[in-house]
Amino acid sequence: MCGSSALVRLLVLLFASASAPTAAGAVAQRRVGASGATASRRSRGETAQASNSTQVHAPPGASPAPAPTLPHPATGLSAALPVVLSSAAVHTGHLRDEAALGLSSLSTAGATQGLVAAFFGVTMMLVAGAIQWFNEERSARAEALFARGLEDALSVEAEHPSKGNRGRLVHVQGIARGAAVLKDPQFREVAVSRCLKLQSNVEVFQWVQTTRTWYEGQIRRSQPRFHSEWSTAHHDSLRFRKPSPENPRPPAGLCLGTSTQVCGRVELGGFVLPKDMVSAFQRFEPAMAHLPRRITTNGLTFFANDQDGYYYARPSASGSRSSALDGLFTKHEVGDVRVRFLCVPETDATVVAVQCHKEGCESFVPYRPVPLGPCVQDWKARQTLIEEGFRPLREIRSETSCCAGSGMAGCCCCACNTIACICSQEVVTEEIYYVSDRLDPVEQPFRSFVPRSPWRVWNFRLLGLLVMFMGMRLVLRLFSDVFQGSTALAAYGGSAGLVVAVSLTLASFALSVSAAAACYRPMVAARWLLVAGLILAMPLLLGLMQRERDA
């Protein structure tokens, strides 16, 4: 029995070790060994009981019965072996199922973590793409405004505008002339011709309160002071700290302050300047030489003073008593009113803008870069420039941000809107709509061009590259085995995933620049596309060359 038990135990151990060689199999071997020992003990117990039951006690005086014949050890082994083997097989099957379940749970957890990392990686890549696109598109538009505008600018004659130049950026020089009479809305006698602008400045001589403040120890004290001066706003003496002098109210119907009138039609040769372009002329001159010596308004008479260019009036004086007007120009009294008229006469002018047809005449609109496809016809491109020039600049600025969405789109929109908010205060030239009162060359508007800040541009670029690289690393972890088994990347060993992530990050940046410049400057876009291809091909070529040298 000892030999059969040892043999059974040996067979069970060999069977268990063959079925589960891992650490979980070692546990199975211990359990199977215990099972075999238990089965062996049960076999020995059953054999002993069978032996005892076969013994027959002979009555006294009878001859003893012959001893029963015990079975051969091989017979006991053959009887116990199937039981032990079946028990070991059952236990081994349970252990195998447990090991498979553990491995499957581990693989499931790893796959879940990989998918979650890939999800966050894709989200980061989308956000990085939004940052890169907004930054590069804004830079491409600013660069196209300068480079393409300087290439497209065409000098034309002011006296004979051509319809064929509509939609082109033109450079026009000539004399700006006022083709309509300018009148002041308060003073009917004030009218000037051949002027671009007329400005009136009405003031009243009155008391003005100031306050002197000082400290006496911890006590703050103040004292009002009053002095008289010319002012464009009425100071109500009821609001003065008493006691105070009194200010008479200005004449009824008289408006104090500055008022500017722009000529309704200003011509530059055969062109008509828009009103907002005429407003840019600021070289004012006294207009008294073009006006009468005496003017009236609301029953008040103003007299011209050649010394300072003002018209003076005294509401308290009677028109029949000239003595009341003595000292009107030198000894001013509280309540006196004066007005000065300035005008912008005809002058040399230079305009750089897009020629268009507006209100039956040739005029100008701002030049702004617009995205155009490679196959757009010339007339269509010029019409697009005119339509873009008619749009308000505020509307164009509002298009730089996108509406917020949900999910990944919301993250991308959030990135775009954040950058748009940061760049909203950026000082940069957004259009070419140049006018001056000098004869300037065509390059003059571009000399005052304000580009984007390189510091801001590269900050956004580095931020986009960093976020894109992190997203790439999270996504490419799922393909690490593929990269290590690749023939072209085998030379990089365990760093193959890092090399691929860096290459894809730089290539995505080059593709963003290329896509942003594609609609503005196709040649620049083609160069950046070539750079992206080289970035992608370089690691593969270097890997193959290294493999050949090693071989």
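Which residues are buried in α5? In this predicted model, local features require pLDDT of at least 70 and side-chain atom pairs count only at pLDDT 80 or more, whereas totals for chains, interfaces and linings use all residues. Residues are numbered from 1 along each chain as its sequence is written, and side-chain values use heavy atoms, with hydrogens and water left out.

Within α5, the buried residues (under 20% relative accessible area, 1.4 Å probe, protein chains only) are Ala381, Arg382, Leu385, Ile386, Glu388 and Gly389. Viewed down the axis of α5, these buried residues lie within an arc of 165°, so they line one face of the helix; the arc is that of the directions from the helix axis to the C-beta atoms. They pack against β15 (347-358), β16 (361-365) and α6 (393-398), contact meaning heavy atoms within 4.5 Å. Helices (H or I, at least four residues) and strands (E, at least two) are DSSP runs, numbered from the N terminus.

Threonine 505 is located in helix α11 (residues 496-518) and, at 4% relative accessibility, counts as buried. Apart from neighbours within four places in sequence, threonine 505 contacts Leu465, Met468, Phe469 and Met472. Valine 467 is 38 residues from threonine 505 in sequence, and their C-alpha atoms are 9.3 Å apart in space.

Leucine 478 lies in the loop between α9 (454-476) and α10 (480-485). With 43% relative accessibility, leucine 478 counts as partly exposed, the class between under 20% (buried) and over 50% (exposed).
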